[in-house]
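Student: Please pick one spot on this model and look at it closely with me. After that, work from there through the rest of the chain.

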Amino acid sequence: MADYKIGPGYVHGYEVSPKDKNNTKRAYKDLGVTFCGIPMKNPIVAASGTFGNGPEYADYLDLSHEVGAISIKGLTPKGRPGNAGTRVAETPSGMLNCIGLENPGAEAFVETVLPTLASYDVPLFANVSAGTVDEFGYMAETLSVPGIAAIEVNISCPNVKNEGLAFGVDAKVAAQVAAEVRKRTTLPVIMKLSPNVTNIVEIAKAVVDAGADALSLINTLLGMAIDIRTKRPILGNLYGGLSGPAIKPVALRMVHQVARAVDVPIIGMGGIMTGTDAVEFMMAGADIVSVGTATVVDPRAIGRIAEEMHEYCEKEKIEHVSDITDTLQV
Ligand SMILES: Cc1cc2nc3c(=O)[nH]c(=O)nc-3n(C[C@H](O)[C@H](O)[C@H](O)COP(=O)(O)O)c2cc1C
């Protein structure tokens with residue numbers, strides 16, 4: 001390791017940017033991967049919606065070295081205040097949320113938030129939602145700017161032209177979104193699949209045929225929670241998305257099914273709390289993973305999980321972390 005530097009300002013051979021000081025004792029050079037041509041320092045993406053815009057976590061993690069990539073909180077064409085009322089509820093081994101895509105809007109994000117975010121040395125995936133196919137195209141165009149490495153398309157949001165049914169539940173409509181986004185950006189297009197479907201493989205194949213470069217799965221499972229004292233739903237929006245360890249077995253199953261059916265890289269997610277969980281997703285067929293709810297419990301989760309993956313590789317004498325992908329023996 002000729003370029004391994006030691007001394008003030010360096011942590012495990014990496015130069016720590018002034019913003020990232022106080023944060024970390026670890027870096028993960030040997031977990032480096034390339035995803036859709038994007039070099040990442042480790043195979044862990046901070047999931048959209050649970051990592052703020054990123055800098056909120058800079059007191060806990062060295063964003064430039066401990067995080068593989070950041071998927072930014074879901075953006076929409078116009079700014080949104082999010083849902084009224086209670087937005088999160090704890091559940092056994094998980095949580096429900098109905099944040100309602102609170103965000104400043106795509107253009108305001110590019111002008112006001114992106115410059116700060118882009119000062120960290122970490123790839124940024126713009127996570128986009130919209131109400132029509134054309135609006136998805138607009139989002140891809142607006143966010144195809146320097147500093148953004150890929151467009152992650154959240155098709156779990158309601159289609160205003162189809163009675164509010166989520167884009168991601170209909171293979172034809174999901175493919176239209178993928179094709180429109182593909183047409184309007186040169187960045188890698190990652191389609192983020194909804195698990196609230198009968199046949200996820202059908203949706204996966206449709207969006208890949210329409211031009212998706214990669215898939216991420218899964219988004220949250222629709223659920224609800226009730227307060228028996230008030231006899232009312234706990235969430236302000238009635239229903240919400242279930243995430244965390246409770247959904248891991250479902251997510252693993254879907255990643256495995258999809259990985260066997262398509263030939264594009266996959267970001268696996270859903271309840272990853274430990275390095276062991278992450279390894280399971282990769283064995284099932286994920287090329288890289290994403291961590292969401294774990295960071296709500298432990299803001300340092302991504303750094304810890306990376307370290308645990310590293311320990312696993314060392315213990316099992318796995319030369320490179322990407323060698324784990326698809327090694328499940330059935
Ligand atoms: C509070 C919260 C907000 C979320 N917001 C978004 C979002 O804006 N866009 C999106 O694609 N997924 C969003 N998600 C889904 C996560 O990115 C992830 O797919 C899901 O939570 C499963 O992973 P996990 O169990 O590790 O959290 C959100 C999840 C949570 C818990």
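Tutor: Let's start on the surface, where Leu222, Met224, Ile226, Ile228, Leu238 and Tyr239 make a nonpolar patch of about 660 Å². This is a predicted model, so local features need pLDDT of at least 70 and side-chain atom pairs count only at pLDDT 80 or more, while totals for chains, interfaces and linings use all residues. Residues are numbered from 1 along each chain as its sequence is written, and side-chain values use heavy atoms, with hydrogens and water left out. Patch members have over 30% relative accessible area and no salt bridge, with nonpolar side chains (Val, Leu, Ile, Met, Phe, Trp, Tyr) joined within 5 Å and like charges within 9 Å. The areas come from the Shrake-Rupley method with a 1.4 Å probe, and for residues only the protein chains shown count as cover. A salt bridge, for its part, is a side-chain nitrogen of Lys or Arg within 4 Å of a carboxyl oxygen of Asp or Glu.

Take Ile228 from that patch. Ile228 sits in the loop between strand E14 (226–227) and strand E15 (232–233); helices (H or I, at least four residues) and strands (E, at least two) are DSSP runs numbered from the N terminus. With 75% relative accessibility, Ile228 counts as exposed. The cut-offs are under 20% relative accessible area for buried, over 50% for exposed, and partly exposed in between, using a 1.4 Å probe and protein chains only.

Lys231 is found in the loop between E14 and E15 as well. Lys231 is exposed at 73% relative accessible area, and its phi is near 60°, a positive value in a residue other than glycine. Ser93 also has a positive phi, near 55°, and Ser93 lies in the loop between strand E7 (88–91) and strand E8 (94–97).

Back to the patch for one more member, Leu222. Its C-alpha atom is 19 Å from that of Val160, and the two residues are 62 apart along the chain. Val160 is in the loop between strand E10 (150–154) and helix H3 (171–183) and counts as exposed at 61% relative accessibility.

Another loop to look at is the one between strand E12 (214–217) and strand E13 (221–224), which holds Ile218. The peptide bond running from Leu217 to Ile218 is cis, with omega near 15°.

Leu217 takes us inside. In soluble globular proteins, nonpolar side chains tend to be buried together. Here the largest nonpolar core has 100 residues, and Phe125, Val153, Met191, Leu215 and Leu217 have the most contacts inside it. A core is a set of buried Ala, Val, Leu, Ile, Met, Phe, Trp, Tyr and Cys residues joined through side-chain atoms within 4.5 Å. A second, separate core has five residues, including Ala89, Leu96, Cys98 and Ala225.

Polar residues get buried too. Asn127, in strand E9 (residues 124–128), counts as buried at 2% relative accessibility. The Asn127 side chain makes a polar contact of 3.5 Å with the side chain of Ser48. That term means a pair of N or O atoms within 3.5 Å; within protein, one must be able to donate a hydrogen and the other to accept it, and residues adjacent in sequence count only if both atoms are side-chain atoms. Ser194, in the loop between strand E11 (189–192) and helix H4 (200–209), is buried at 4%. The Ser194 side chain reaches the backbone nitrogen of Asn196 at 3.0 Å.

Finally, the charges: the count comes to 13 salt bridges. Glu280 pairs with Lys248, their closest N and O atoms being 2.9 Å apart. Glu280 lies in helix H6 (residues 275–284) and Lys248 in helix H5 (residues 248–261), so this pair ties together parts that are 32 residues apart in sequence. Glu280 is partly exposed at 28%, whereas Lys248 is buried at 13%. Asp134 and Arg184 also meet in a salt bridge (2.9 Å, N to O). That pair links Asp134 in helix H2 (residues 133–143) to Arg184 in the loop between H3 and E11, 50 residues apart. Both belong to a salt-bridge network with Glu141, Glu180 and Lys183.
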